[in-house]
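Open the model in your viewer and keep the sequence panel beside it. The stops below are meant to be selected in order.

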Amino acid sequence: MAPLGLIVAAFLAYSVPPYLTLDPGRSRVPAPAGFAPHYWFLVAHIAFGSIAIVGVILQVWPWLRRTHPVVHRRVGRVYVFAGAVPAAVMAAVIGAVSPFGPVVAALDVVAALLWLGFTIAGWRAVRERRFADHRKWMVRSFAMCMNTLMTRALSPLGFLLVLPRGGDKETMILSAATVSAVLSVLTLLLLSQWWLDRTPKRASGR
């Protein structure tokens, strides 16, 4: 948990500060033409997403789940309703108009809808006391919550893979963004399923 917490803290320390001033000129994501509110959707996504990524770290912390189940439930509600659900909706909106090309746009929307669907499925499962199903869906929700972080982490690899092809700077940036986006979604989905397949299945309880 400690390395994961440090990685998330470093990611937030790098990603969030430019948006605290609410100055569109400091945005790291170029605004697409014809969608004026893009920056404000992006800021909302970052705000809700920050709540989600901190909340999900607490949710997957075994010690907290085991020793403080009430805290786990309360943080879970915050993660779902003040983090993952609104962040995923905002991600789908800004992803649909991504300036990094149609493939990245499609992947961003798919990842956002998966995050939304996994989270809602996990919430419904725990409401119906299907705790084993709840765990499975929330592991997948955790995976999709990490998509932006994983995409940034894989960006250098994306550039290395497209570098031999050459081309102008803009084409290379779009190609690298596409490669890192594809690798991120596939890696997270495969890793989450591998984790579920390798860990003991629980019939009931958490």
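**Stop 1: a serine in a helix**

Start with S50, which sits in helix α3. The model is a predicted one, so read each stop as a description of that prediction. Is S50 buried or exposed? S50 counts as buried because its relative accessibility is 17%, and the cut-off for buried is under 20%. Show the residues around S50 next: leaving aside neighbours within four places in sequence, S50 is in contact with L12 and V16. Then draw a distance from S50 to M1, using the C-alpha atoms. These two residues are 49 residues apart along the chain, and their C-alpha atoms are separated by 18 Å.

**Stop 2: the core**

Select V8, Y19, I53, Y79, W115, C145 and M146. These are the residues with the most contacts inside the largest nonpolar core, which has 34 residues. Now colour by helix: the elements that give two or more residues to this core are α1 (2-15), α3, α5 (69-96), α6 (102-127), α7 (131-145), α8 (147-162) and α9 (169-198). Which element gives the most to this core? It is α3, with eight residues. As general background, nonpolar side chains in soluble globular proteins tend to be buried together.

Zoom in on V8. Not counting residues up to four places away in sequence, V8 touches I53, I57, M146 and L149. Two of the residues V8 touches, I53 and M146, are also among those with the most contacts inside the core.

**Stop 3: aromatic rings**

Show the side chains of Phe, Tyr and Trp. How many aromatic pairs does the structure hold? There are seven. One of them is F35 with F41, a tilted pair at 5.7 Å centre to centre, with 35 degrees between the planes. F35 is partly exposed, because its relative accessible area is 21%. F41 is also partly exposed, with a relative accessible area of 27%.

Move on to Y19, Y39 and W40, which ring pairs link into a cluster. Y19 was selected at the previous stop as one of the residues with the most contacts inside the core.

**Stop 4: a surface patch**

Finish on the surface by selecting M1, V54, L58, W61 and W63. Together they form a nonpolar patch with about 420 Å² of accessible area. M1 returns here as a patch member, having been the far end of the distance drawn from S50. Within the patch, pick W61, which lies in the loop between α3 (38-59) and α4 (62-67). W61 is partly exposed, because its relative accessible area is 32%.

How values were computed: Residues are numbered from 1 along each chain as its sequence is written. This is a predicted model: local features need pLDDT of at least 70, side-chain atom pairs count only at pLDDT 80 or more; totals for chains, interfaces and linings use all residues. Side-chain values use heavy atoms; hydrogens and water are left out. Patches are made of residues with over 30% relative accessible area and no salt bridge: like charges are joined within 9 Å, nonpolar side chains (Val, Leu, Ile, Met, Phe, Trp, Tyr) within 5 Å. Accessible areas come from the Shrake-Rupley method with a 1.4 Å probe; for residues, only the protein chains shown count as cover. A salt bridge is a side-chain nitrogen of Lys or Arg within 4 Å of a carboxyl oxygen of Asp or Glu. Helices (H or I, at least four residues) and strands (E, at least two) are DSSP runs, numbered from the N terminus. Buried means under 20% relative accessible area, exposed over 50%, partly exposed in between (1.4 Å probe, protein chains only). A nonpolar core is a set of buried Ala, Val, Leu, Ile, Met, Phe, Trp, Tyr and Cys residues joined through side-chain atoms within 4.5 Å. Contact means heavy atoms within 4.5 Å. Rings of Phe, Tyr and Trp (its six-membered ring) pair if their centres lie within 6.5 Å; planes under 30 degrees apart count as stacked, over 60 as edge-to-face and the rest as tilted.
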